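User: I am new to this structure and would like to go through it step by step. Please begin once it is shown.

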Amino acid sequence: MLLDLRCQHEFSDHFGIDVDLSCEVRALALFGPSGSGKTTLLSAIAGTFMPRRGRVALDGQVLLDTEGGRCVPPERRSIGVTPQHSLLFEHMDVRRNLEYGMPKNRWWKRHSSLVCQREIRFDQVVEILELERLLGRFPEHLSGGEQRRVAIGRALLSQPRMLILDEPLSALDDNLKQRILDYLKRVIEHWQIPTIIITHSKAVVGALADSVIMVDGGRIIGMGAPGRMLGVAEVKTAG
């Protein structure tokens, strides 16, 4: 999938975003330190943030064009987002959390022209993410890793044309991090959904990404293969 992204915005704290890129997305990591602007770029793509000047297009289909006055609402972009904090519905059990947003339940999905071409089935998601024994539980009775898996499943079942993972290992202890990485590998390999991973973790980049964009200070400071970009990051850290 080809992503065209232009995002320019000045914030009141003297921090600004100035990004203009066109790149192929398969398993793409936006890599950089906290506060570098990664989540702002995620939000511009997903439609939850409107930059002062910007353009977002997927495979030539324009989702945002501030100059042309076009802005497709977030719910019509067919982009599945798993936020840093899983944000499950506390009053719904796991099954209902997973089913929320499925096309049969959401009118805007049934009529969207951006629906994923390959159907993602409920039973497949439950099997690959090992959620069967959790279906009747409520979020308060789930571990952090279990909540993360449910959030990933819910995003998948919205039939996205693109998946965005925002800091997928945040707030997890070391014992859970490798397990979640294993689940994410399964997801990316099985469905082949173009995926953007927002992370400051070298482990996540090394495990999941096939290409990397380095972001710092609201700017792109490097693009390339994971090995080369992680090498550049090591040099910058050492310097």
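User: Which residues of helix α5 are buried?
Analyst: The model is a predicted one. Buried here stands for under 20% relative accessible area. In α5, the residues that meet this criterion are G145, E146, R148, R149, V150, A151, I152, G153, R154, A155 and L156.

User: How many of the 13 residues of α5 are buried?
Analyst: Helix α5 spans residues 144–156. Its cover comes from elements including β7 (79–82), α2 (94–99), α4 (122–128), β8 (162–166) and α6 (174–191). The helix is mostly covered, and the number of buried residues is eleven.

User: What distance does α5 reach from its first C-alpha to its last?
Analyst: At 1.5 Å a residue, 18 Å would be expected for this helix of 13 residues. The reach in the model is close to that, at 19 Å.

User: Which residue is the bridge partner of A29 in β10?
Analyst: Strand β3, residues 27–31, runs parallel to β10 and is joined to it by four bridges. Strand β10 covers residues 211–216, and five of its six residues are buried. Within β10, the partner of A29 is V212.

User: Which residue takes a positive phi in the hairpin of β10 and β11?
Analyst: β10 pairs with β11, residues 219–224, in the antiparallel sense over five bridges. In this pairing V215 stands opposite I220. Two residues lie between the strands, and the one with a positive phi, near 60°, is G217.

User: Over which residues is the pLDDT below 50?
Analyst: The protein has a mean pLDDT of 89, and 91% of its residues reach 70 or more. One stretch has 27 contacts in the model beyond near neighbours in sequence, yet its pLDDT is below 50: residues 106–116.

Conventions: Residues are numbered from 1 along each chain as its sequence is written. This is a predicted model: local features need pLDDT of at least 70, side-chain atom pairs count only at pLDDT 80 or more; totals for chains, interfaces and linings use all residues. Side-chain values use heavy atoms; hydrogens and water are left out. Buried means under 20% relative accessible area, exposed over 50%, partly exposed in between (1.4 Å probe, protein chains only). Two strands pair if DSSP finds at least two bridges between them. pLDDT is the predictor's confidence in each residue, from 0 to 100. Contact means heavy atoms within 4.5 Å. The expected span of a helix is 1.5 Å times one less than its number of residues.
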